[in-house]
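This briefing describes selected structural features of one protein model for computational work. The points are grouped by topic after a short lead paragraph.

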Amino acid sequence: MGAILLLAGSLVPASLGGAELKRFEYQQILMGVPVRIVVYSAGEPLANSAVHAAFDRIRQLNLIFSDYDDESEISRLCRTSGAGRPVSVSPELAAVLAYSLEVSRRSEGAFDVTVGPLVNLWRKARRAKQLPNPETLAAAKQRVGYQFVRLDERARTVELLKPGMRLDFGGIVKGYAADEARSVLKTKGLPHALVGLAGDISAGEPPPGQSGWRIGLQGLGAGERPPEQFLSLRNQSVSTAGDTYQFVEVGGKRYSHLLDPKTGLGITRRISVTVVAATGLMSDGLDSAAAILGSEKGLQLLTASKVEGRIEELGPSGIKTYQTAGFAKLLAPAASVKQTQ
């Protein structure tokens, strides 16, 4: 989960195209995280119907990408690993896997969509507050490697070449789900909408009378203080990766929930990465990759990927901030912005 706070725009009914638009807000727990949707609609029945459809879309995606559900599409696909045959997959799985493999290549494996065996091991280690057995860790590493995924985008088939491989889309699919939900809202006639899945937010047309959705940023040193900086976003997505809230201490050492595929353990650097991109699929995948790479290589990845981002990393002399050339243009003053709970 990232450290981004959702902040609403105008709370006052506004007129657009002759119709008075009112603000409606909804929240459910889906994909294991709070999902928040804010829309501006001429009436509550339309808002309720559209948001219901958006939540249903997220549920549909969970049936594809959940690694907790033994009957999800990815679970069924992973059971064919090493079988020596390609498997037909849904358009959604093919699309997200294609971009996941692209980020895996760009980041030289810092993001690896096949990291499932290590994720399962690290989850158990975090619960037990004990590092994995070295032999068990080494065995899990043998089942990881994005190079061993064969995707035929035209035929829409996937073959996992090694036995025991396990795909894990936890570092990328929430941003995709936010975009898909917002697409449903737009199709239903509600373009003025914002969808947030924890630290992954998809912002559509802004609230009436506003230039953009205002989204507060909290870095490594913010704690529980109100944000001092805000993004102003319109038809863009933003994701944040960091260990401010999700970490474990083992033997006096702090480990993040963000897993480095090369070590099989959570990263130990204190880092926060915020990425703004055209889609949530891009922002969600790249923030995790940049966090694992660290500030210097992470910034290079964001720049090469033509997205905007900010990285904060704690070093011996304190917190240092790095950002892409255009990130400052996305910032908006905090004045007169009201936080919604």
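Strand β8, which spans residues 193-197, is mostly covered, with 5 of its 5 residues buried. The model is a predicted one. Beyond β8, the topics below are the loop residue S72, aromatic pairs, a charge placed over a ring, and an open sheet of 3 strands.

**Strand β8 and its partners**

- Burial applies to both faces of β8: A193, V195 and L197 are buried on one side, and L194 and G196 are buried on the other.
- Strand β4 (residues 33-41) pairs with β8 in the antiparallel sense, over 5 bridges.
- Within this pairing, L194 of β8 is the bridge partner of V38.
- Strand β9 (residues 200-203) is also antiparallel to β8, and 4 bridges join the two.
- The bridge partner of G196 in β9 is I201.
- A hairpin is formed by β8 and β9, with 2 residues between them. In its turn, A198 has a positive phi of about 55 degrees.
- In general terms, strands of a sheet pair through backbone hydrogen bonds, in either a parallel or an antiparallel arrangement.

**Loop residue S72**

- S72 is located in the loop between α1 (44-65) and α2 (73-78).
- The relative accessibility of S72 is 0%, and therefore S72 counts as buried.
- A polar atom of the S72 side chain lies 2.6 Å from the backbone oxygen of S66.
- The side chains of S72 and S75 are joined by a polar contact of 3.0 Å.
- When neighbours within four places in sequence are set aside, S72 is in contact with N62, L63, I64 and S66.

**Aromatic pairs and a charge over a ring**

- The structure contains 4 aromatic pairs. One of them joins F65 and F169, whose ring centres are 5.1 Å apart and whose planes stand at 75 degrees, so this pair is edge-to-face.
- Because F65 belongs to helix α1 and F169 to the loop between β7 (157-160) and α6 (173-187), the pair ties together parts that are 104 residues apart in sequence.
- Both F65 and F169 are buried.
- F65 also forms an edge-to-face aromatic pair with Y176, at 6.3 Å centre to centre and with 75 degrees between the planes.
- Since F65 lies in helix α1 and Y176 in helix α6, this pair ties together parts that are 111 residues apart in sequence.
- Y176 is buried, as is F65.
- One aromatic cluster is formed by F65, F169 and Y176.
- Elsewhere, K162 places its charged end over the ring of F148, 4.3 Å from the ring centre.

**The open sheet of 3 strands**

- The strand order in this open sheet is β5-β7-β6, and the pairing is antiparallel.
- The edges are occupied by β5 (87-88) and β6 (149-152); each has a single partner strand, so one side of each is left without a neighbour in the sheet.
- β6 and β7 run antiparallel and are joined by 4 bridges.
- L160 in β7 is the bridge partner of V149.
- Helix α3 (residues 91-106) lies across β6 and β7, and runs at about 125 degrees to β6.

Terms used:
Residues numbered from 1 in each chain as written. Predicted model: local features only at pLDDT ≥ 70, side-chain atom pairs only at ≥ 80, totals over all residues. Heavy atoms only, no water. Buried < 20%, exposed > 50% of the residue type's maximum accessible area, 1.4 Å probe, protein only. Pairing = 2+ DSSP bridges. Polar contact = N/O pair within 3.5 Å; in protein donor to acceptor, adjacent residues only side chain to side chain. Contact = heavy atoms within 4.5 Å. Phe/Tyr/Trp six-rings, centres within 6.5 Å; stacked < 30°, edge-to-face > 60°. Lys NZ or Arg CZ within 6 Å of the ring centre and 35° of its normal. Axes fitted to C-alpha atoms, helices over the stretch in contact; angles between N-to-C directions.
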